[in-house]
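Work through the exercises below with the sequence and the model open side by side. Try each task before reading its solution.

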Amino acid sequence: MERFPWTAKSARGGLSVMGQDKARGGALPRSDTRPLVTHGQIWSISAATGLFLAVALGLVLIVSHVVLSMRHTANDIDDQRAISAAAAAVATLGRGLSMVVRDNSLWDEGYEAVSSSDGANWIRQTWGDPTVNYPLYDGLIVYRPDLTVIAAYDKGAPFSPSGEVAALILEQVRRAKATNMPVTAFMSMDGDVVSTAAMTIQPFAGPVPDAPVLFLFKSIDDEIISTISADYQIAGLALAPTRADDKLNLALEDPTGKALAYLTWPSRKPGDQAFENHRSLLVLAGATLVVFLLMVLAAGFIESLRLRRIAAAAEYEAKRDTLTGTLNRSGFVETLETLVADVSASRPLALHMLDLDGFKQVNDTWGHAVGDLLIAAVAVRLAGFGNHFVAAGRLGGDEFALAQRGDMPPEVLAQQVIDAFSRPFIVGRHQLQVTASIGHASTQEPIDPAELMRRADVAMYQAKAAGKFRALEYHPQMDETCDEKGA
């Protein structure tokens, strides 16, 4: 530290005044002496000391404020991550049951069987009895077109909904009839919170008027809560009937907005943990305040990066089909929107819609577990054509969508895929023979992705109607054929 001039040297840079006096062997006359420290210098020292203390105190206050703010921010960021993850898990429950009800409702045989005179017996054998110990749903209700009940089963036993829940179910069924699409909701049945999904039972060719409706429900039990806790990194997750003030909460609401129950879990409070871990350093490291501040900022930056990576991974997983690893419906549609926006005469785009022939028989014969393995094996075989497809997705059930961009004619590539399905699939101990029907539609100019998917879908159903195990290209005349069949 630089010394003050009046404590070591004179203003002229020589020895101190006392030193000069001793050198001459006597005392200086009183009139010639000057005070070593003036009042101004004392004030300056005091002011500098006070300023230093004020700055130090200000820095301490600022650092304390920053540390506390970072503490709460880290807690809030992690809490928001957990809440977002829990909300994503709840949405996944609804999407999962929505896919199940769709798989069971878009079914030619099912539509005909439910509408027959022996429909109640068929429902019991096909859907009712398996609910005794079925992992995808616990019970079901099948409604006639006039909304009277054909059959209802809960864990394999017949039952009859009543009271407020019966009214909510009927409202959900009406909405399903109006949209011909899966409609999901949460409800309370016999004291249990259940995830529900309803959809009209219809043939593959398309919705029909006055169709029956399938309603499925699955209890949110401890096993489901444990799975969500592990998959979404939410420790201590539980389902509680009331809101917990000392925990994070996410309400599960019925269609009227009434909270049926709450997902609750303790906050991890990473900011509090970090603060406690460094408390002694904060007390003892005043001299290294700036260094410590940089360390805290670095720790916060690293934590922020980690949370962003978790969010990015959650978003990535949300757009992926867990069974095949391909894009799911929402992920594929989002990708297709980007692809069609870049279409031109020099960069045409072809969309192939692929549906398995005979997949229902595999599920009926060997069970859904083997069916799932078969779907995964189909995805692996389609991956062999990865050089030709810029995007691949599983839209649900046994239906895949493949986006092509390249020089190979779409009909040639589609036929190669068809030929690849002539070889049987080896699934565990089973050798399964399923074929595929493909419809493809091409465009050289930007188009609504939904319209492009519709065209490819129409061509695919035409391929099925023409005898299956073939590929057809979309032509506008196909719409006229569909209109005639619908009429």
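The exercises that follow cover a sheet, a strand, a helix pair, salt bridges and a histidine.

This is a predicted model, in which local features need pLDDT of at least 70, side-chain atom pairs count only at pLDDT 80 or more, and totals for chains, interfaces and linings use all residues. Residues are numbered from 1 along each chain as its sequence is written, and side-chain values use heavy atoms, with hydrogens and water left out.

**Exercise 1. The open sheet**

Task: give the strand order of the open sheet formed by 5 strands, then place the helices on the sheet.

Solution.
- Step 1. Strands here are DSSP E runs of at least two residues, helices are H or I runs of at least four, and both are numbered from the N terminus. Two strands pair if DSSP finds at least two bridges between them.
- Step 2. Read off the order: β11-β12-β10-β15-β16, with mixed pairing.
- Step 3. Find the edges. β11 (389-396) and β16 (471-473) each pair on one side only.
- Step 4. Check the twist. From one strand to the next, the average is 20°.
- Step 5. Look at one pairing. β11 and β12 (residues 399-404) are antiparallel, with 6 bridges. A403 in β12 has A391 opposite.
- Step 6. Add helix α11 (residues 329-341). Helix α11 packs on the sheet and touches β10 (349-357), β11 and β12. Contact means heavy atoms within 4.5 Å. The direction of α11 makes about 145° with that of β11. Such angles run from 0 to 180 degrees between N-to-C directions, and axes are lines fitted to C-alpha atoms, for helices over the stretch in contact.
- Step 7. Add helix α14 (residues 410-420). Helix α14 lies across β10, β11, β12, β15 (435-443) and β16. Its run is at about 165° to β15.

**Exercise 2. A covered strand**

Task: how many residues of strand β6 (residues 213-219) are buried?

Solution.
- Step 1. Apply the cut-offs: buried is under 20% relative accessible area, exposed is over 50%, and partly exposed is in between (1.4 Å probe, protein chains only).
- Step 2. Count. In β6, 7 of 7 residues are buried.
- Step 3. Split by direction. V213, F215, F217 and S219 point one way, while L214, L216 and K218 point the other way.
- Step 4. Identify partners. Strand β1 (residues 139-143) runs antiparallel to β6, joined by 5 bridges. Strand β5 (residues 192-200) is also antiparallel to β6, over 7 bridges.
- Step 5. Use F215 as the landmark. I141 stands opposite F215, and A198 stands opposite F215.

**Exercise 3. Two packed helices**

Task: which residues make the contact between α4 and α5?

Solution.
- Step 1. Get the geometry. Helix α4 (residues 108-115) and helix α5 (residues 119-128) pack at about 135°, with axes 7 Å apart.
- Step 2. Classify the angle. Under 35 degrees is roughly parallel, over 145 roughly antiparallel, 65 to 115 roughly perpendicular, and the rest oblique. So α4 is oblique to α5.
- Step 3. List the residues. From α4 come E109, G110, A113 and V114; from α5 come G119, W122, I123 and W127.
- Step 4. Sort by class. The contact has 5 nonpolar, 2 polar and 1 charged residues.

**Exercise 4. Salt bridges**

Task: where do R268 and D78 lie in the chain?

Solution.
- Step 1. Define the bond: a side-chain nitrogen of Lys or Arg within 4 Å of a carboxyl oxygen of Asp or Glu. The whole structure has 16 salt bridges.
- Step 2. Take R268 and D78, at 2.3 Å, N to O. R268 lies in the loop between β9 (259-265) and α8 (270-277), and D78 in helix α3 (residues 39-105), so the pair ties together parts 190 residues apart in sequence.
- Step 3. Check exposure. R268 is partly exposed at 34%; D78 is buried at 2%.
- Step 4. Compare K464 and D355, at 3.0 Å, N to O. K464 is in helix α15 (residues 449-465) and D355 in strand β10, 109 residues apart. Both K464 and D355 are buried.
- Step 5. Finish with E451 and R454, at 2.9 Å, N to O. They are 3 residues apart in α15, about one helical turn. E451, R454, R455 and D479 are linked in a salt-bridge network.

**Exercise 5. A histidine in its setting**

Task: is H440 buried or exposed?

Solution.
- Step 1. Locate H440: strand β15.
- Step 2. Read the accessibility. At 2%, H440 counts as buried.
- Step 3. List neighbours more than four places away in sequence. Among them are L351, H352, P410, E411, A456 and Y474.

Definitions and conventions
Nonpolar A, V, L, I, M, F, W, Y, C, P; charged D, E, K, R; others polar.
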